[in-house]
Structures are given as C-alpha cells and as structure tokens.
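Here is a short tour of a protein model, meant to be read with the structure open beside you. What is worth a look?

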Amino acid sequence: MILVTAGFGNQGKLLVPKLLAAGQHVRACVQSESSAKSLRALGVQDVVVGDISEPATMTRAVRGVDKIYHVGPTVHPRERDMGFAIVDAARAEGVQHFVFSSVLHAIITDLVQHEIKRDIEEHLLSSGLEFTILQPSNYMLPLKLRPAFERGVFELSWALDRRQSVVDLGDVTDVARTVLTDSERHAGATYELVAPGRYTAHDLGAIIEVRQIDADTYLRAWFGDADPAQFPHQAKVLRAISARYSSHDFIGNPNVLTWLLGRPPTTFEEYVRQQYATFTRREATR
C-alpha cells in the first residue's frame, strides 16, 4: 500500500493514476470530499479525508502503509511541523520506504520554503527510514501560463533577466512512480529533477509581452483578492522568492532527470504547446 499525501494536488492528481495503472494499491489523503470523489472516480478505493496536520488524520493515513510519497502543502505555515510529524509517524508505523518531494537547492536558506524542506530532509535522513528525496526545479504550471493565453502577457514576480531552470510535473511524477514501484533500486538516493534549458523571462515569454509583477499580485493569483496580511506566511514565502530570483539565477542540470526517465525530459516549448492545445479545446467548448 502506497500513501500519497496531497492526493489531489498538482502532483497527486498526476501520480495517483500512474500508480493505479502500474497495479499499485494506493491510499490518498485529501482535504475535501470533492477531491475524494474525484479520486474515487479514478479507482482509488482508500481515501482519507481530513487535515493531515491533525494527529487523528495522520494516524489514519499512515496506518498499514508500506510506502509514503509526501508532498508538503504549498506555502502552508505549518509545512515544517507536518513534514516532521509524518516522518515520525512513518517510523513508528514501520514504513518501508519514504519518498519526499523536496525542492532543487534546498540549501538556499533565504528562500523560506527551501529552508523548510531542507529541515524536513534532515529530519528524514536522521529518522532511520529508507528514503528517496526528489528535488524538482520550478514547476511548469498552467497557472503561470493562463495570463499569457488569455491576455497575451506572460507575468513573473521576479527580475525578467534572471535565468531559471524548470521541470514538467508529468516528468516528476513519472520519476515518482518509478521510485515507488522499484524502491530498492532508488533507496538512499537524492535526485535533482531539472528539464533542459536555462531561461530568462524573455525566453519563456518568447513572442508575447513579458511583465514583471510584485509578489502580492502573484499571491492574489493563488488566494484571490484577499488582503496579504491575512496570509502572512504565504506572503513571506512569495516575497522571498521574488527577492532571491531577482538577485540570483536559479538553475540546474538535466542529466539526472534524463537518466531516470530513460528519454529526453519535456522541454518548456513542448509543455507550452500541450497546454495551449488544451486551452484552445476548452475555449472551443464554451
């Protein structure tokens, strides 16, 4: 039995069907009944609904599982505590293999979410559990492309001339499936997951307008028009991202991802073409 936390998040909704197709028994942890309904429709029979930061939910989620794939909740103020708690619960339950979705260059401590994941990595390394750590670069996400498709403007919340490495979540979850289904081969490994290319915003935007936005504007893309003061941790995370990425490049190397996939990773151009095709099909049905 494999537990996938954040079972209907950006990674979970891609990974879970791949694990099911590989014949794995999956338990997914989600926060809402609507997410649970969507997963059950995919064939997941074991769904835990609740806040995994709550001890009772954590206990139900880890009970009887052999492997765990843990994705920390995006910009959650208790992400560190939740990571520590699930590692401890896995150790107490005798989990055979713990796979942690971390972040590329977790040692960069002026990035708030990196320091959190670095601390969770250290806790996992000290736990005695068999482990694999995945360190993906910035995700290629539809959220970032929506303004480009709808208004012809590509928006980023950092300096537009800084270089970035990115990665397709489809490729990340292909690697996660491999690690979870062939755990012994990948035990004790830490893998950087990076697609080819080092892009400035102008490279990413290509022929459309590129615009730098501030962190609070980007925050509203995630949480709506609420006052950023209502989300102090989230605002701190996104402001730290803007500051770091405006003053330094954030780059990696695609060799490890290429080896793990056994094929060339998805490029940003390929990803944009795929997403634009999906966008145009959706618009045509409206």
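## The cavity

A cavity here is a set of grid points where a 1.4 Å probe fits but cannot get out. This is a predicted model, and it holds one cavity of 30 Å³ or more. The volume of the largest cavity comes out at about 100 Å³.

Who lines it? The largest cavity has 13 lining residues, and Tyr 139, Lys 144, Val 166, Leu 204 and Phe 268 are the ones that lie nearest its centre. Sorted by type, the lining is made up of 11 nonpolar residues, one polar and one charged. Lysine counts as charged, and Lys 144 is among the lining residues nearest the centre. If you want to trace the wall by element, go to strand S7 (138–140), helix H6 (142–151), strand S8 (153–156) and helix H13 (268–284): these are the elements that give two or more residues to the lining.

## The sheet

Now for the strands. Seven of them make an open sheet with parallel pairing, and the order across it is S3-S2-S1-S4-S5-S6-S10. At the edges sit strand S3 (46–49) and strand S10 (189–193), each of which pairs on one side only. Going from one strand to the next, the twist averages 15°.

Strands of a sheet pair through backbone hydrogen bonds, either parallel or antiparallel. For a pair to zoom in on, try S5 and strand S6 (residues 131–136), which run in the parallel sense and share four bridges. Within this part of the sheet, Val 99 has Thr 132 in S6 as its bridge partner.

Helix H4 (residues 79–93) packs on the sheet, where it touches S1, strand S4 (67–71) and S5. The direction of H4 makes about 180° with that of S4.

## Two positive phi angles

Which residues other than glycine have a positive phi? Ala 6 is one of them, with phi near 50°, and His 105 is another, at about 55°.

Both can be found in loops. Ala 6 sits in the loop between strand S1 (2–4) and helix H1 (12–21), while His 105 belongs to the loop between strand S5 (97–101) and helix H5 (112–125).

Are these residues buried or exposed? Buried would mean under 20% relative accessible area, and exposed would mean over 50%. Ala 6 has a relative accessible area of 32%, so it counts as partly exposed. His 105 is partly exposed too, because its relative accessibility is 24%.

Definitions and conventions:
Residues numbered from 1 in each chain as written. Predicted model: local features only at pLDDT ≥ 70, side-chain atom pairs only at ≥ 80, totals over all residues. Heavy atoms only, no water. Buried < 20%, exposed > 50% of the residue type's maximum accessible area, 1.4 Å probe, protein only. Pairing = 2+ DSSP bridges. Axes fitted to C-alpha atoms, helices over the stretch in contact; angles between N-to-C directions. Contact = heavy atoms within 4.5 Å. 1 Å grid on protein atoms, 1.4 Å probe; cavity = no way out; pocket = protein on both sides within 12 Å on 5 of 7 lines; lining within 4 Å. Points joined across faces, edges and corners; volume = space filled by probe spheres on them.
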